[in-house]
Amino acid sequence: MTLYLEGQTAIVTGGMRGIGLGIAKRLHASGAQVIIWDLNVDKWDASAAGFEPAHRQAVDVASLPSVEQAFAHAVEIFGRVDILVNNAGINGPVVPSWEYPVEAWDQVIAVDLNGVFYCCRTAIPHMRQNGYGRIVNVASMAGKDGVQYISAYSAAKAGVIAFTKAAAKELAQDGVILNCIAPAMAETALMDEMTPEHIAASKAKIPMGRFLQIEEIANMVNWIAGPECSFTTGFVFDLSGGRATY
Ligand SMILES: NC(=O)c1ccc[n+]([C@@H]2O[C@H](COP(=O)([O-])OP(=O)(O)OC[C@H]3O[C@@H](n4cnc5c(N)ncnc54)[C@H](O)[C@@H]3O)[C@@H](O)[C@H]2O)c1
């Protein structure tokens with residue numbers, strides 16, 4: 001039996017831990033050759049991760065030259081890239097918007113919004129040329145709701161959603177499909193940047209009364225990143241445990 005993503009090459013940004021690692025593992029299990037991009041890719045524990053990616057590359061998604069070099073390298077090694085999962089992201093501080101440090105604001109926008117744009121801008125011409133591509137951008141429920149005290153993160157994720165919709169329309173006839181996901185809170189290292197009150201308030205908003213599991217995100221991304229997702233583009237797939245109202 002052919003695996004769902006057999007013969008395909010996938011880049012997962014921020015794939016060294018957390019949600020990105022879970023997505024990378026799932027795409028690998030589906031037969032994809034997975035390339036992990038992250039700030040630091042030196043320490044890889046295959047037995048802890050449960051798999052070995054095809055390649056790991058140090059990339060700062062907030063730097064266009066870094067992204068362009070890494071993408072050219074991936075094409076050089078694997079010939080083509082079919083799937084791009086823009087997962088790398090940071091939370092930033094949890095403070096009122098009028099006290100939000102300007103440098104922290106710039107950094108959150110640089111990684112969470114500009115990073116998605118840089119990776120898409122770099123990969124799309126290659127995918128258009130191939131007449132095939134799947135891009136999954138990791139947004140957040142915060143991008144739909146606007147969450148208090150994380151205004152930069154909320155604004156960046158809302159930007160990711162709107163960017164996805166805009167670019168998806170541009171690519172609708174090119175075989176390149178772009179969607180994003182909007183997860184509620186999952187227990188990852190991202191929580192280290194949050195206050196206990198913020199975490200408790202986020203959990204209280206989820207009608208299912210529990211945090212999201214990384215495997216639940218990975219399973220959804222796996223389907224969106226493959227050929228069966230063929231007539232849905234520019235869409236926001238929620239993983240909200242009943243929280244999303246639109
Ligand atoms: N954890 C949650 O509750 C949650 C909810 C909704 C959305 N998200 C989103 O999911 C994604 C992954 O989050 P996570 O919880 O796994 O976080 P995490 O902090 O565990 O992992 C993020 C990864 O991204 C990498 N990264 C950060 N900046 C980078 C950069 N400039 N270039 C390359 N890599 C970079 C980190 O090194 C890390 O490996 C993020 O986009 C986040 O906003 C998370």
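When I say that a helix touches a strand, I mean that heavy atoms of the two come within 4.5 Å, and with that in mind I can begin with the helix that lies over much of the sheet in this model, which is a predicted one. Helix α4 lies across β1, β2, β4, β5 and β6, with β4 spanning 83-86, β5 133-138 and β6 176-183, and the direction of α4 makes about 170° with that of β4. Helix α6 also packs on the sheet, where α6 touches β5, β6 and β7 and runs at about 160° to β6.

Let me turn to the sheet itself. What is the order of its strands? Reading across, we have β3-β2-β1-β4-β5-β6-β7, an open sheet of seven strands with parallel pairing. The edges are β3 and β7, the latter being residues 236-239, and each of these two pairs on one side only. On average, and ignoring direction, neighbouring strands of the sheet are turned by 20° against each other.

I will walk through the pairings from the β3 edge inwards. Strand β2, residues 33-38, pairs with β3 in the parallel sense over four bridges, and within that pairing I35 stands opposite H55 of β3. Strand β3 itself covers residues 55-58, and its two faces are not alike, since H55 and Q57 lie on a covered face while R56 and A58 lie on an uncovered one. The background here is that side chains in a regular strand alternate between the two faces of the sheet.

On its other side, β2 pairs with β1, residues 9-13, again in the parallel sense and this time over five bridges, with T13 having W37 in β2 as its bridge partner. Strand β1 is in turn joined to β4 by three bridges, and these two strands also run parallel; here A10 has I83 of β4 as its bridge partner. Moving one strand further, β4 and β5 pair in the parallel sense over four bridges, and V85 is matched with V136 in β5.

Are the faces of β4 covered or uncovered? Both are covered, with I83 and V85 buried on one side and L84 and N86 buried on the other.

One residue of β1 deserves a moment, namely T9. Because its relative accessibility is 1%, and the cut-off for buried is under 20%, T9 counts as buried. If we set aside the neighbours within four places in sequence, T9 is in contact with Q33, I35, F78, R80, V81, D82 and I83. By contact partners, then, T9 reaches residues such as I35 and I83, of which I35 is the one standing opposite H55 and I83 is the bridge partner of A10. As for the two chain regions, the C-alpha atoms of T9 and G242, which are 233 residues apart along the chain, are separated by 33 Å.

Now to the helices packed against one another, and for these I will use the usual pair of descriptors: two packed helices are described by the angle between their axes and the distance between the axes. Helix α4, residues 102-130, and helix α6, residues 151-170, pack at about 15° with their axes 8 Å apart. Since angles under 35 degrees count as roughly parallel, α4 is roughly parallel to α6. Their crossing is right-handed. On the α4 side the contact includes W105, I109, L113 and F117, and on the α6 side it includes Y153, A156, V160 and F163. By class, this contact has 13 nonpolar, two polar and two charged residues.

Helix α4 has a second helical partner to discuss, α3, residues 64-78, where the axes come within 9 Å and cross at roughly 35°, and this crossing is right-handed. The residues that meet are L64, V67, E68, F71 and V75 from α3, with Y118, C119, R121, T122, A123 and H126 from α4; they divide into seven nonpolar, two polar and two charged.

Which residues bring α1 and α8 together? From α1 they are G18, I19, G22, I23, R26 and L27, and from α8 they are I214, I217, A218, N219, V221 and N222. By class, that contact has seven nonpolar, four polar and one charged residues. Helix α1 covers residues 18-29 and α8 covers residues 214-224, and the two pack at about 50° with their axes 8 Å apart, which means that α1 is oblique to α8. The crossing of α1 and α8 is right-handed.

Technical notes: Residues numbered from 1 in each chain as written. Predicted model: local features only at pLDDT ≥ 70, side-chain atom pairs only at ≥ 80, totals over all residues. Heavy atoms only, no water. Axes fitted to C-alpha atoms, helices over the stretch in contact; angles between N-to-C directions. Parallel < 35°, antiparallel > 145°, perpendicular 65-115°, else oblique. Left-handed = near helix turned anticlockwise from the far one by under 90°. Nonpolar A, V, L, I, M, F, W, Y, C, P; charged D, E, K, R; others polar. Buried < 20%, exposed > 50% of the residue type's maximum accessible area, 1.4 Å probe, protein only. Pairing = 2+ DSSP bridges.
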